[in-house]
Amino acid sequence: MGEKLKTLRLYRNLDQKTLAERAGVSVRALRNLEAGQGSTLKTLLRVLRALGRQEWLQTIAPVPSINPLALTRDAQPRLRASRTARVRGAG
């Protein structure tokens with residue numbers, strides 16, 4: 001992902017300092033993100049917003065369309081949600 005961000009930054013003719021300022025992150029944080037050397041989710045979100053690419057987040061964790069448990073032979077369709085466990089008091 002870092003390489004894709006770097007490619008997009010270069011395609012938009014932005015240097016690291018300019019993009020870092022627009023995103024509100026340090027140049028070092030941007031450099032680490034592009035190099036894949038660890039970053040925070042906050043940095044990633046800010047850089048994606050600064051590049052106008054928030055929609056990339058939808059490709060990271062797509063909503064599953066098939067429940068794997070439904071594929072088994074013995075699977076029964078759920079009729080209701082499970083109950084939450086009650087915590088018993090000490091009293």
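**Close-up 1. R9 and E34 meet in a salt bridge.** Here, in a predicted model, the side chains of R9 and E34 come together with 2.7 Å from N to O. The pair ties together distant parts of the chain: R9 sits in helix α1, which covers residues 2-11, while E34 belongs to helix α3, covering residues 27-35. Along the sequence, 25 residues separate the two partners. How many salt bridges does a search of the whole structure find? It turns up just 1.

**Close-up 2. Are the two salt-bridge partners, R9 and E34, buried or exposed?** R9 has a relative accessible area of 5%, so it counts as buried. E34 comes in at 8%, so E34 is buried too. The cut-off behind both calls is 20%: a residue under that value is called buried.

**Close-up 3. Q16 makes a polar contact with E34.** Stay with E34 for a moment and look at Q16, which is found in helix α2, the stretch made of residues 16-23. The side chain of Q16 makes its polar contact with the side chain of E34 at 2.8 Å. Which residues does Q16 touch, once those up to four places away in sequence are set aside? The list is R9, V27, L30, R31 and E34. So much for names; now link the views: R9 and E34 on that list are also the two ends of the salt bridge from the opening close-up.

**Close-up 4. A20 is tucked away as a buried residue of helix α2.** Like Q16, A20 has its place in helix α2. Its relative accessibility is 2%, which is why A20 counts as buried. Leaving aside neighbours within four places in sequence, A20 is in contact with V25, S26, V27 and L30. Two of these names, V27 and L30, also turn up among the residues that Q16 touches. A20 and V47 are 27 residues apart along the chain, and their C-alpha atoms are separated by 7.5 Å.

**Close-up 5. Stepping back, the protein chain has 5 helices and 0 strands.** Read from the N terminus on, the elements run α-α-α-α-α. The chain has 91 residues, and buried ones make up 22% of them; R9, E34 and A20 are among them. Take the contacts between residues at least 6 apart in sequence: 47% of these join residues at least 24 apart. As for the outside, the accessible surface comes to about 7,900 Å², and 52% of that belongs to carbon and sulfur atoms.

Conventions. Residues numbered from 1 in each chain as written. Predicted model: local features only at pLDDT ≥ 70, side-chain atom pairs only at ≥ 80, totals over all residues. Heavy atoms only, no water. Helix = DSSP H or I, 4+ residues; strand = E, 2+ residues; numbered from the N terminus. Polar contact = N/O pair within 3.5 Å; in protein donor to acceptor, adjacent residues only side chain to side chain. Contact = heavy atoms within 4.5 Å. Buried < 20%, exposed > 50% of the residue type's maximum accessible area, 1.4 Å probe, protein only. Salt bridge = Lys/Arg side-chain N within 4 Å of Asp/Glu carboxyl O. Areas by Shrake-Rupley, 256 points an atom, 1.4 Å probe, with all protein chains shown as cover.
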